[in-house]
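This report introduces a protein model to a reader who has not met it before. Please keep the sequence and the structure in view while reading.

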Amino acid sequence: MSAARPGRTAERSSRRAEHAGKTSDVGRNSARAGSVGPAPRQAGPLEDGALDAHLDAQLDSELAGAHISAAEELAGLGLWEEAYGRLRSAVEMLHGPDRPHPVRAELDRLRREHAMVHEQARRDFLTASYNRRYLDDRLSTLLDDPSVLRAGMALGMVDIDHFKKVNDRYGHPFGDRVLQRVVSELDAVLPEGCFCARYGGEEFALVLPGCDQDEAVAVCERARLRIDQHPWAELEPELRVTVSVGVAHSVSQPPDVEQLLMSADVLLYAAKGAGRNAVAYRRTCGTVALAGPAGARRDIPQPASVDC
């Protein structure tokens with residue numbers, strides 16, 4: 001007799017009892033009608049095994065149908081990954097988990113393609129950094145992140161200095177290559193769990209969840225220095241590229257994302273007003289300062305604070 005599958009003993013017993021009841025009813029009805037045929041024979045081991053197999057197949061079919069129905073509902077809600085999982089479970093119930101089957105292969109192919117399309121939809125087509133849509137969505141989900149609850153959230157707003165002059169002098173295709181190299185240098189300094197997103201044009205946001213202000217300023221200063229020291233002459237002998245950065249930090253729970261962005265933007269323009277190629281942040285006392293060697297500059301704008 002075939003071995004019972006885990007979790008199916010109760011279902012099979014119920015179905016067998018139902019089957020036996022129907023058989024007994026047929027026997028009693030025949031007796032009342034005066035039939036003289038031989039008495040029903042008791043099921044033997046082989047027949048028990050056949051019944052087990054029949055009940056297993058029927059149960060698999062019903063469970064597979066439930067998975068398919070659930071997959072249709074999940075797909076209607078746009079939960080494609082969960083829908084693929086349900087469909088794959090249905091195929092395994094109908095055809096076995098190990099037997100190769102074209103439907104399973106097709107589901108796996110669709111899942112891979114969907115994951116690729118989903119990732120591409122979150123990326124900027126030119127620089128491969130995350131796009132503005134992903135930035136907005138991710139900022140909202142980070143509000144409840146344990147690292148943010150522990151240390152707050154920091155955000156660096158990065159802008160390439162005099163980028164219009166690069167495009168005007170060398171052309172937009174050349175400017176695209178500059179953007180790509182800048183993103184590569186920004187990504188190189190980001191700690192785990194942080195990311196870079198293109199905010200618009202030549203402006204990028206560095207999202208630094210769980211970093212306190214000192215850590216965030218240090219990360220942005222490393223990014224500024226890497227870009228300043230990058231061998232831009234490989235692209236064009238006279239080319240030099242620098243960035244200005246404004247770093248805002250919030251410890252409020254939850255952080256106000258809009259005010260955090262506004263504060264970083266205000267500090268970005270303070271860095272530009274102080275001579276560019278600098279990282280601006282706000283000290284605990286509220287005054288604006290520049291990180292690294294730029295801190296020795298005398299003329300540092302002091303814009304009004306944006307509470308975040």
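## A strand covered on both sides

The account begins with strand E3 of this predicted model. Both faces of E3 are covered: on one side Glu203, Ala205, Val207 and Pro209 are buried, and on the other side Phe204, Leu206 and Leu208 are buried as well. In a regular strand, side chains alternate between the two faces of the sheet. E3 spans residues 203–209, and 7 of its 7 residues are buried.

Two strands pair with E3. Strand E1, made of residues 153–160, pairs with E3 in the antiparallel sense over 7 bridges; within E3, Phe204 stands opposite Val158. Strand E2, made of residues 195–200, also runs antiparallel to E3 and is joined to E3 by 5 bridges. Here Leu206 of E3 stands opposite Cys196. E2 and E3 form a hairpin with 2 residues between the strands, in which Gly201 has a positive phi near 60 degrees.

## The sheet as a whole

Which order do the strands of the open sheet follow? The order is E2-E3-E1-E4-E5-E6, a sheet of 6 strands with mixed pairing. E2 and strand E6 (288–290) stand at the edges with a single partner strand each, so one side of each has no neighbour in the sheet. On average, neighbouring strands are turned by 25 degrees against each other, direction ignored.

At the E6 edge, strand E5 (residues 279–282) is joined to E6 by 3 bridges, and the two run antiparallel. Tyr281 has Ala289 of E6 as its bridge partner. Helix H5, covering residues 132–141, lies across E1, E2 and E3 and runs at about 125 degrees to E2.

## Two helices in contact

Two packed helices are described by the angle between their axes and the distance between the axes. Helix H7 (residues 163–170) packs against helix H8 (residues 172–189) at an angle of about 140 degrees, and their axes are 7 Å apart. That angle makes H7 oblique to H8.

From H7, the contact involves Phe163, Val166, Asn167 and Tyr170, while H8 supplies His172, Phe174, Gly175, Val178 and Leu179. By character, the residues of this contact comprise 6 nonpolar, 3 polar and no charged.

## A buried leucine in helix H10

Leu267 belongs to helix H10. With a relative accessible area of 1%, Leu267 is buried. Leaving aside residues up to four places away in sequence, Leu267 touches Val245, Gly246, Val247, Ala248, Ala280, Tyr281, Arg282 and Val288. Tyr281, one of these residues, is the bridge partner of Ala289 in E6.

Leu267 and Leu290 are 23 residues apart along the chain, and their C-alpha atoms are separated by 9.8 Å.

## Two loop residues with positive phi

Most residues other than glycine have a negative phi. Ala128 has a positive phi near 70 degrees, and Asn277 has a positive phi near 50 degrees.

Is each of these residues buried or exposed to some degree? Ala128, found in the loop between helix H4 (102–121) and H5, counts as partly exposed at 46% relative accessibility. Asn277, which lies in the loop between helix H10 (257–273) and E5, is buried, with a relative accessible area of 13%.

## The overall picture and its confidence

The protein has 10 helices and 6 strands. Of its 308 residues, 39% count as buried. Among contacts between residues at least 6 apart in sequence, 64% join residues at least 24 apart.

The mean pLDDT of the protein is 79, and 65% of the residues reach 70 or more. Over residues 1–8 pLDDT stays under 50, and the model has 16 contacts beyond four places in sequence for this stretch. Over residues 22–39 pLDDT likewise stays under 50, and for that stretch the model has 1 contact beyond four places in sequence.

How values were computed. Residues are numbered from 1 along each chain as its sequence is written. This is a predicted model: local features need pLDDT of at least 70, side-chain atom pairs count only at pLDDT 80 or more; totals for chains, interfaces and linings use all residues. Side-chain values use heavy atoms; hydrogens and water are left out. Axes are lines fitted to C-alpha atoms, for helices over the stretch in contact, and angles run from 0 to 180 degrees between N-to-C directions. Helices (H or I, at least four residues) and strands (E, at least two) are DSSP runs, numbered from the N terminus. Angles under 35 degrees count as roughly parallel, over 145 as roughly antiparallel, 65 to 115 as roughly perpendicular and the rest as oblique. Contact means heavy atoms within 4.5 Å. Ala, Val, Leu, Ile, Met, Phe, Trp, Tyr, Cys and Pro count as nonpolar, Asp, Glu, Lys and Arg as charged, and the others, Gly among them, as polar. Buried means under 20% relative accessible area, exposed over 50%, partly exposed in between (1.4 Å probe, protein chains only). Two strands pair if DSSP finds at least two bridges between them. pLDDT is the predictor's confidence in each residue, from 0 to 100.
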